[in-house]
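Have a look at the sequence and the model below. We'll walk through it piece by piece, starting with a pair of rings.

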Amino acid sequence: MLRDDDLVLVISNAPDMLLAKRIAHVLVEDGLAACVNLGVPSLSVYRWQGEVEGAEEIPLSIKTTWGRQQDVVRALARLHPYEVPEVIVVPVIGGLDSYLDWVREQTRPPAAQ
């Protein structure tokens, strides 16, 4: 079982760079994520409602903690135009201690700061 201060990586995407930047800014400004990396546009191929489709999307890598991940998921659902946006939470099993501590500090809820 993960503890609230364990790090997780939330993987998502956005349909364009403008929305990707907006999502990144909201998550960081609200203290839900320490950092959001926006990748280069890539083609996603998927099945939706029985049809194979493709769309160019901007990959998002969101660094946060287990304790904040549900808030990140809710924010993505609210900000994203897709009916079913990709949102995957992956536990982080290690890394540079000073970076991991920085992520924890940036995402600590206001009452705990």
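Trp-102 is partly exposed at 33% relative accessibility, where partly exposed is the band between buried (under 20% relative accessible area) and exposed (over 50%), using a 1.4 Å probe and protein chains only. Tyr-99 is partly exposed too, at 33%. A search of the whole structure turns up one aromatic pair, and Tyr-99 and Trp-102 form it: the pair is tilted, with 5.5 Å centre to centre and 40° between the planes. For the cut-offs, rings of Phe, Tyr and Trp (its six-membered ring) pair if their centres lie within 6.5 Å, and planes under 30 degrees apart are stacked, over 60 edge-to-face, and the rest tilted. Tyr-99 and Trp-102 sit about one helical turn apart, because they are three residues apart in helix H3 (residues 97–107). Helices here are DSSP runs (H or I, at least four residues), as are strands (E, at least two), numbered from the N terminus.

Before going on, a word on where the values come from: this is a predicted model, in which local features need pLDDT of at least 70 and side-chain atom pairs count only at pLDDT 80 or more, while totals for chains, interfaces and linings use all residues. Residues are numbered from 1 along each chain as its sequence is written, and side-chain values use heavy atoms, with hydrogens and water left out.

Helix H3 also holds Thr-107, which is buried at 1% relative accessibility. What does Thr-107 contact, leaving aside neighbours within four places in sequence? Counting contact as heavy atoms within 4.5 Å, its partners are Gly-31, Leu-32, Ala-33, Ala-34, Lys-63, Thr-64, Thr-65 and Arg-68. Take Arg-68 next: it lies in helix H2 (residues 66–79) and is buried, with a relative accessible area of 11%. Beyond four places in sequence, Arg-68 is in contact with Asp-30, Gly-31, Leu-32, Thr-107 and Pro-109.

Ala-33 is in the loop between H1 and strand E2 (35–38), and is buried at 1% relative accessibility. Not counting residues up to four places away, Ala-33 touches Leu-27, Val-28, Ile-62, Lys-63, Thr-64 and Thr-107.

Now for the nonpolar core, meaning a set of buried Ala, Val, Leu, Ile, Met, Phe, Trp, Tyr and Cys residues joined through side-chain atoms within 4.5 Å. The largest one has 19 residues, and those with the most contacts inside it are Ile-23, Leu-27, Val-36, Leu-60, Ile-62, Val-72 and Leu-76. Strand E1 (7–14), helix H1 (17–29), strand E4 (51–65) and H2 are the elements that give two or more residues to this core, with H1 supplying the largest share, six residues. Outside its close sequence neighbours (within four places), Leu-76 is in contact with Val-10, Ser-12, Ile-23, Leu-27, Ile-62 and Val-87.

Strand E4 is also home to Val-52, but this residue is exposed, with a relative accessible area of 58%. The C-alpha atoms of Val-52 and Lys-63 are 31 Å apart, with their positions eleven residues apart along the chain. Leaving out residues up to four places away, Val-52 touches Val-45, Tyr-46 and Arg-47.
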